[in-house]
Amino acid sequence: VQLQAFGGGLVQAGGSLRLSCAASGSTLMINVMGWYRQAPGKQRELVAIIPSNGRTTYSDSAKGRFTISRDGAKNTVDLQMNSLKPEDTAVYYCYVVNLGSAYWGQGTQVTVSS
């Protein structure tokens, strides 16, 4: 499974960004898609995940500001991030569970300036 993420960048506090990730491969039966992030000096942490049943899970910091969505037919997952804060600055990683195995994208940098 290959994951390609798009959409990171630099934004001012209060602004919005949309991250997208596309999964490709010969055998795709994706159970879970989602996003994690890792800030400098911190551990990688969950941002949001969406399993095939559509029941989303968000971190406390993402609730009310971020929205995750997926397109099962296209094997894509998006993360709409609104009301961004400087503490959202991190490398964001696309995450997929396919046939019981986890896969990570290459990471995309999100920087929120104050």
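Contact here means heavy atoms within 4.5 Å of each other. Keep that in mind as we walk through this structure, which is a predicted model.

Let's start with Thr76, which lies in strand 8. Leaving out residues up to four places away in sequence, Thr76 touches Cys21, Ala22, Met33, Ser69, Arg70 and Asp71. Ile49 sits 27 residues from Thr76 in sequence, and the two C-alpha atoms are 12 Å apart in space. Just before Thr76 comes the loop between strand 7 and strand 8, and that loop is the place of Asn75. Is Asn75 buried or exposed? At 16% relative accessibility, Asn75 counts as buried, since the cut-off for buried is under 20%. Neighbours within four places in sequence aside, Asn75 is in contact with Cys21, Ala22, Ala23, Leu28, Ile30 and Met33.

Now zoom out to the sheet around strand 8. Here 4 strands form an open sheet in the order 1-3-8-7, with antiparallel pairing. Strand 1 (2-6) and strand 7 (66-71) stand at the edges with a single partner strand each, so one side of each has no neighbour in the sheet. On average, and ignoring direction, neighbouring strands of this sheet are turned by 15 degrees against each other. As for what holds such strands together in general, strands of a sheet pair through backbone hydrogen bonds, either parallel or antiparallel. Strand 7 and strand 8 (residues 76-81) take the antiparallel option, over 6 bridges. One spot to look at is Ser69, which stands opposite Asp78 in strand 8.

Next, follow strand 11. Strand 2 (residues 9-12) runs parallel to strand 11 and is joined to it by 4 bridges; Leu10, for instance, has Thr111 as its bridge partner in strand 11. Strand 9 pairs with strand 11 too, this time in the antiparallel sense and over 3 bridges. There, the bridge partner of Ala90 is Val110. In a regular strand, side chains alternate between the two faces of the sheet. Strand 11 has a covered face made up of Thr108, Val110 and Val112, and an uncovered face with Gln109, Thr111 and Ser113.

That brings us to the nonpolar core. In soluble globular proteins, nonpolar side chains tend to be buried together. The largest nonpolar core in this model has 28 residues, and Trp35, Leu79, Met81 and Tyr92 touch the most other members. Which strands feed into this core with at least two residues each? They are strand 1, strand 3 (17-24), strand 4, strand 5 (45-51), strand 7, strand 8, strand 9 (90-98) and strand 11 (108-113). Tyr92 is a good place to park your view: not counting residues up to four places away in sequence, its contacts include Leu19, Trp35, Val47, Phe66, Leu79, Met81 and Val110.

Strand 4 deserves a closer look, and Val32 lies in this strand. Val32 is buried, with a relative accessible area of 18%. Pro51 is 19 residues away from Val32 in sequence, yet their C-alpha atoms are 4.1 Å apart in space. Beyond four places in sequence, Val32 touches Ile49, Ile50, Pro51, Arg70, Tyr95, Val96 and Val97.

Then there are the aromatics. A search of the whole structure finds 3 aromatic pairs. In one of them, the rings of Tyr36 and Trp104 have centres 5.0 Å apart and planes at 75 degrees, so this pair is edge-to-face. Tyr36 lies in strand 4 (residues 30-38) and Trp104 in strand 10 (residues 101-104), so the pair ties together parts that are 68 residues apart in sequence. Tyr95 joins Tyr36 and Trp104 in one aromatic cluster. Trp104 itself counts as partly exposed, at 38% relative accessibility. Arg44 comes into the picture as well: its charged end sits over the ring of Trp104, 4.6 Å from the centre, and also over the ring of Tyr93, 3.7 Å from that ring's centre.

Finally, check the backbone. Most residues other than glycine have a negative phi. Ser83, although not a glycine, has a positive phi of about 50 degrees. Ser83 lies in the loop between strand 8 and strand 9 and is partly exposed, with a relative accessible area of 40%. Leu99 also has a positive phi of about 50 degrees without being a glycine, and its place is the loop between strand 9 and strand 10.

Key:
Residues are numbered from 1 along each chain as its sequence is written. This is a predicted model: local features need pLDDT of at least 70, side-chain atom pairs count only at pLDDT 80 or more; totals for chains, interfaces and linings use all residues. Side-chain values use heavy atoms; hydrogens and water are left out. Two strands pair if DSSP finds at least two bridges between them. Axes are lines fitted to C-alpha atoms, for helices over the stretch in contact, and angles run from 0 to 180 degrees between N-to-C directions. Rings of Phe, Tyr and Trp (its six-membered ring) pair if their centres lie within 6.5 Å; planes under 30 degrees apart count as stacked, over 60 as edge-to-face and the rest as tilted. Buried means under 20% relative accessible area, exposed over 50%, partly exposed in between (1.4 Å probe, protein chains only). A charge sits over a ring if NZ of Lys or CZ of Arg is within 6 Å of the ring centre and within 35 degrees of the ring normal. A nonpolar core is a set of buried Ala, Val, Leu, Ile, Met, Phe, Trp, Tyr and Cys residues joined through side-chain atoms within 4.5 Å.
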